[in-house]
Amino acid sequence: MSQTSKQISYAALRPRLRDGMSILFGGFLGVGTPEGIVGEILDSGVRDLTIIGNDTGTPEVGIGVLVANKRVKKVISSHIGTNAETGRQMIAGELDVELVPQGTLAERIRCGGSGLGGVLTPTGVGTIVEEGKTKLNFDGIDYLVERPLRADIAILKAHQADDKGNLVYQRAARNFNPIMALAADFVVAEVDEIVPAGAIDPDLVMTPGVLVNALILAEEN
Amino acid sequence: MDAKNLIAFRVAQEMKDGDVVNLGIGLPTLVPDYLPEDVHITLQSENGFLGLGPLNGKTLPNLVNAGGKPCGMVPGTAFFDSAMSFCIIRGGHVDVTVLGGLQVDQEGNLANWMVPGKMIPGMGGAMDLVTGAKNVIVAMEHATKEGGAKILKRCTLPLTAAKKVSAIITELAVFRFIDGKLVLTETAPGVTLDDIRARTEAEFVVSPECCEMETPREVQPV
């Protein structure tokens, strides 16, 4: 495996981590979450994190370990039901949870990385999701104005990368990863394999390498 | 056959050949077991693919359903990211979504994602599915475990979406929303109108064509 300019070690991520930072994390119930990077964040000891992603996994799997170890101040997510610790801390007043419909979450992150000021969606109209939001009517249909989301860092999991950071995801592990690659100041991907530039068919690249700042080769378990 | 399987069987008869269908977790996942032989549907999985299939044999890495459980995929499966998944869902490209319900009311409102102070798992993809799918079928047992009504005049729990439900299928009856009214269209064998009224708080119209609900012709002895 050739050493590349974008490839870094887990330890090299440390200087990027700080208390109070916001993190976009890929994954759906842990599938597509970079477990090694999550472990590095845990070991670094940073706390008061804001984490943004589909769900909070379980106390043992995915991003959930950061919640279980009380490193998180705020969660922005569509589902917390599989991690009892998220719910417990929320009810105890230790954790701020903003629940967002999954499609709205995806669009808010996409907006955050696409230079858009927000998106109009009918999802949530007539529910508690509309509280405090601007509602607009076009052609007889009510829409909520949903604002963009960005973070200090995005942590992604991909199957394959080339030297330039072009990414290919595997099966259902893609989920939020490609959208999050757009919406953070620093983007790091944990990958199973790094190949030379040119080895991935350009037509099959799923995330363009210019969006990816750093690659970490996943440790074999 | 228990109530859940009876409901799943009846829901399966709603599917048309070629439909793109999203099934919620729990009872709705039983629906493919009861599809008529000549009806082939494509299952959308909100975590990012079209082509969800049964788990036949060995599991593949990173192939899970929206409940995070290992699953299979059919030939011709397509994977995509979460934005595309919900473009498909919100954009009217899903013909039918089948979900469970805590409460449904006579206005077509559905509540199925939280019980304040007790259970707040989050809405996941449910709000987008109910908002965007062409047909929204609520598949649920008719009453609560304590015998209380779930089909109400007005939902008391926080809504998943307003006025979006197309049909309610329970072990006792089939209701459809027609011109904004809740209409009883089928009753299960041996179930009377009085039985349904006793277990339903909502006001409903009885269709002039109200008939007996279809149940499996042969129930295999266990």
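Select A:Q160 and A:V168: A:V168, in β9(A), is the bridge partner of A:Q160. The names follow DSSP runs numbered from the N terminus, a helix being H or I over at least four residues and a strand being E over at least two. This is a predicted model, in which local features need pLDDT of at least 70 and side-chain atom pairs count only at pLDDT 80 or more, while totals for chains, interfaces and linings use all residues. Residues are numbered from 1 along each chain as its sequence is written, and chains are lettered from A and ligands numbered from 1 in the order in which they are written.

**Stop 1: strand β8 of chain A**

Widen the selection to β8(A) and β9(A), residues 167–168 of chain A; these strands pair in the antiparallel sense over two bridges. Two strands count as paired if DSSP finds at least two bridges between them. In the hairpin that they form, four residues lie between the strands, and A:G165 takes a positive phi near 90°.

Now show β8(A) whole, residues 151–162. Nine of its twelve residues are buried, which leaves the strand mostly covered. A residue is buried if 20 or more other C-beta atoms lie within 10 Å of its own, exposed if 12 or fewer, and partly exposed in between, with C-beta atoms placed from the backbone.

Which strands pair with β8(A) in the parallel sense? Strand β1, residues 22–25 of chain A, does so over three bridges, and strand β10, residues 184–195 of chain A, does so over ten bridges. To find the pairing with β1(A), select A:F25, whose bridge partner in β8(A) is A:I155. For β10(A), select A:A161, whose bridge partner is A:I194.

Strands of a sheet pair through backbone hydrogen bonds, either parallel or antiparallel.

**Stop 2: helix α1 of chain A**

Select residues 35–44 of chain A, helix α1. Its buried residues are A:I37, A:V38, A:E40 and A:I41. Why are they on the same side of α1(A)? They cover an arc of only 160° around the axis, the arc being that of the directions from the helix axis to the C-beta atoms.

An α-helix has 3.6 residues a turn, so residues three or four places apart point the same way.

Add α2 (64–68), β8, β10 and β11 (214–217) of chain A to the view; the buried residues of α1(A) pack against these elements. Two residues are in contact if their C-beta atoms, placed from the backbone, lie within 7 Å. After α1(A) comes A:G45, with a positive phi near 85°.

**Stop 3: the largest nonpolar core**

A nonpolar core is a set of buried Ala, Val, Leu, Ile, Met, Phe, Trp, Tyr and Cys residues joined through C-beta atoms within 7 Å. The largest one has 121 residues, and those that touch the most other members are A:L24, A:A154, A:M180, A:A183, A:A189 and B:V138. β8(A) supplies the largest share of this core, seven residues.

Centre on B:V138. Not counting residues up to four places away in sequence, B:V138 touches B:L99, B:G101, B:V104, B:L110, B:V165 and B:I168.

**Stop 4: a sheet in chain B**

Select β7, β6 and β9 of chain B, three strands that form an open sheet in that order with mixed pairing. The edge strands are β7 (110–111) and β9 (151–152), each of which pairs on one side only. Strand β6(B), residues 103–105, runs antiparallel to β7(B) and is joined to it by two bridges. B:Q103 stands opposite B:A111 in β7(B).

**Stop 5: where the chains touch**

Colour the chains separately and select the contact: 32 residues come from chain B and 34 residues from chain A. On the side of chain B that touches chain A, α2 (82–90) and α3 (126–132) of chain B are the elements that give two or more residues. Of these, α2(B) gives the most, with five residues.

**Stop 6: the whole chains**

Zoom out to chain A, which has five helices and eleven strands. Its radius of gyration is 18 Å, close to the 17 Å that the globule rule gives for 221 residues, so chain A is as compact as a globular protein of that length. The radius is taken over C-alpha atoms, and the rule is 2.2 Å times the number of residues to the power 0.38. Buried residues make up 50% of chain A.

Chain B has four helices and 13 strands. Of its 222 residues, 44% count as buried. Along the principal axes, the C-alpha atoms of chain B fill a box of roughly 50 × 45 × 30 Å.
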